[in-house]
Amino acid sequence: MPLPVLLFLAFVAWVLTAEPPAGFPILEYHMVTENPRPGAEKYVVSPADFAEQLDYLAAEGYTTITPQDYARARKGKQTLPEKPIILSFDDGYEDNHRVILPMLEERGMKAVFYVVTNDIGLPGYMTWNNLFDMERRGMEIGSHTANHIPLTTLPPEKQREELRLSKLMLEWKGLKTIYSFSYPTGAYDAGIVAMLAEEDYLTAVTGEAGLNNVETNPYLLHRVNIPPPHFGLTEFRLRLMKADIAARLDVRLAQLPDGVRMGIETLRAKLRGDE
Ligand SMILES: [Zn+2]
């Protein structure tokens, strides 16, 4: 076997044998519907696949929680179930209420729905009444900003507006206090993270794989994207495993000298960008 291959295999083995930090996954979805609109296919999981995934999670003993449950647990105000998981849905599409809500309810599950406030009520998106109904039926509503612009492309005062106005709009309309946030396209920097705390958010989710526990930065929660599976449940199980492997990689990276670690982090960021 050539040396580079051997070294790579040794590295993989070294990562896989790391003690993973105990933690729970957060899954990232967008739409669940039979009729994806053209161009949106990679964001759409079919109802049949979604049902299979939910049933798998239930069979594996997972209990769904919301970001607010997690935030309360961090403050010692709530204990989390033995095997928690957060199901999250970005962008606020109309199928979230029509298709996803009944499927979750049927299984006694809850989830968080991150909505873009200026899209509420537009064709293809949930209406205000849909959101009130979601909340009444035990779901959490979070903010995905007012306009879905990657925040890192905006000047700080515009970033703050996106965080503040979306939260205020949801609350003014009568939803419960909004504490949870999802970065549009997963883009963030240190300034935005600090701003979220100033604007009274308690948690935020990224698009970076990994697991979460009370030690995780609550504004940098790891999340695994679930695209439409080409290989059914096997692929879904691999995605869940990806969270676990990413968590182990973080453990190993922390053990490396700074120079080596930064090289690997850069490579990882590049790979993520291509995803
Ligand atoms: Zn989005």
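Biologist: Which residues touch the most other members of the largest nonpolar core?

Modeller: A good place to start, and please keep in mind that this is a predicted model. In soluble globular proteins, nonpolar side chains tend to be buried together. Here the largest nonpolar core has 57 residues, and those touching the most other members are Ala111, Phe113, Ile141, Leu196 and Ala204.

Biologist: Let me pick one of them. What is Ile141 in contact with, leaving aside its neighbours within four places in sequence?

Modeller: The contacts of Ile141 are Phe113, Val115, Leu131, Met134, Glu135, Leu170, Leu175 and Ile178. Phe113, as you saw, is another of the residues that touch the most core members.

Biologist: Before going further into the core, how many helices and strands does the protein chain have?

Modeller: There are 9 helices and 10 strands in the protein chain. Its radius of gyration is 19 Å, close to the 19 Å from the globule rule for 275 residues, so the chain is as compact as a globular protein of that length. Along the principal axes, the C-alpha atoms fill a box of roughly 60 × 45 × 45 Å.

Biologist: And what share of the residues in the protein chain is buried?

Modeller: Buried residues account for 35% of the 275. You can also look at contacts: among those between residues at least 6 apart in sequence, 65% join residues at least 24 apart.

Biologist: Now the strands. Is β5 largely enclosed or hardly covered?

Modeller: To read this, count the buried residues along the element. In strand β5 (residues 84-91), 8 of the 8 residues are buried, so β5 is largely enclosed by the rest of the structure. Compare that with helix α1 (residues 3-16), which is hardly covered: the count of buried residues among its 14 is 0.

Biologist: While we are at α1, how far apart are its end C-alpha atoms?

Modeller: They are 20 Å apart, which agrees with the 20 Å that 14 residues should span at 1.5 Å a residue.

Biologist: Back to β5. In which sense does β5 pair with β1?

Modeller: Strand β1 (residues 26-29) pairs with β5 in the parallel sense, over 4 bridges, and Tyr29 has Phe89 of β5 as its bridge partner. Strand β4 (residues 63-64) also pairs with β5 in the parallel sense, over 2 bridges; there Thr64 stands opposite Ile85. Then 4 bridges join β5 to strand β6 (residues 112-115), again running parallel. Two places to find by eye are Ser88 opposite Val112 and Asp91 opposite Val115.

Biologist: Which way do the residues of β6 point?

Modeller: In a regular strand the side chains alternate between the two faces of the sheet. In β6, Val112 and Tyr114 point one way while Phe113 and Val115 point the other way, and all are buried.

Biologist: Which helix joins β5 and β6 in a β-α-β unit?

Modeller: That is helix α4 (residues 95-106), and the unit is right-handed. The next step along the chain can be read in a similar way: β6, helix α5 (residues 128-136) and β7 make a right-handed β-α-β unit. Strand β7 (residues 140-143) pairs with β6 in the parallel sense over 4 bridges, with Val112 opposite Glu140.

Biologist: I like to check backbone torsions. What is the phi of Thr185?

Modeller: It is near 55°, a positive value in a residue other than glycine. Thr185 sits in the loop between β8 (180-182) and α7 (190-198), and it counts as partly exposed because it has 13 C-beta neighbours inside 10 Å. Asp200 is another case, with phi near 70°. You will find Asp200 in the loop between α7 and β9 (203-205), and it is exposed, with 12 other C-beta atoms within 10 Å.

Biologist: One last reading exercise: how far apart are Glu161 and Ala146 in sequence and in space?

Modeller: The two are 15 residues apart in sequence and 8.3 Å apart in space, taken C-alpha to C-alpha. Glu161 belongs to helix α6 (residues 156-172), and Glu161 counts as partly exposed, with 15 C-beta neighbours inside 10 Å.

Methods
Residues are numbered from 1 along each chain as its sequence is written. This is a predicted model: local features need pLDDT of at least 70, side-chain atom pairs count only at pLDDT 80 or more; totals for chains, interfaces and linings use all residues. A nonpolar core is a set of buried Ala, Val, Leu, Ile, Met, Phe, Trp, Tyr and Cys residues joined through C-beta atoms within 7 Å. A residue is buried if 20 or more other C-beta atoms lie within 10 Å of its own, exposed if 12 or fewer, and partly exposed in between; C-beta atoms are placed from the backbone. Two residues are in contact if their C-beta atoms, placed from the backbone, lie within 7 Å. Two strands pair if DSSP finds at least two bridges between them. A crossover is right-handed if, with the strands pointing away from the viewer, the path from the first strand over the helix to the second runs clockwise. The expected span of a helix is 1.5 Å times one less than its number of residues. The radius of gyration is taken over C-alpha atoms; the globule rule is 2.2 Å times the number of residues to the power 0.38.
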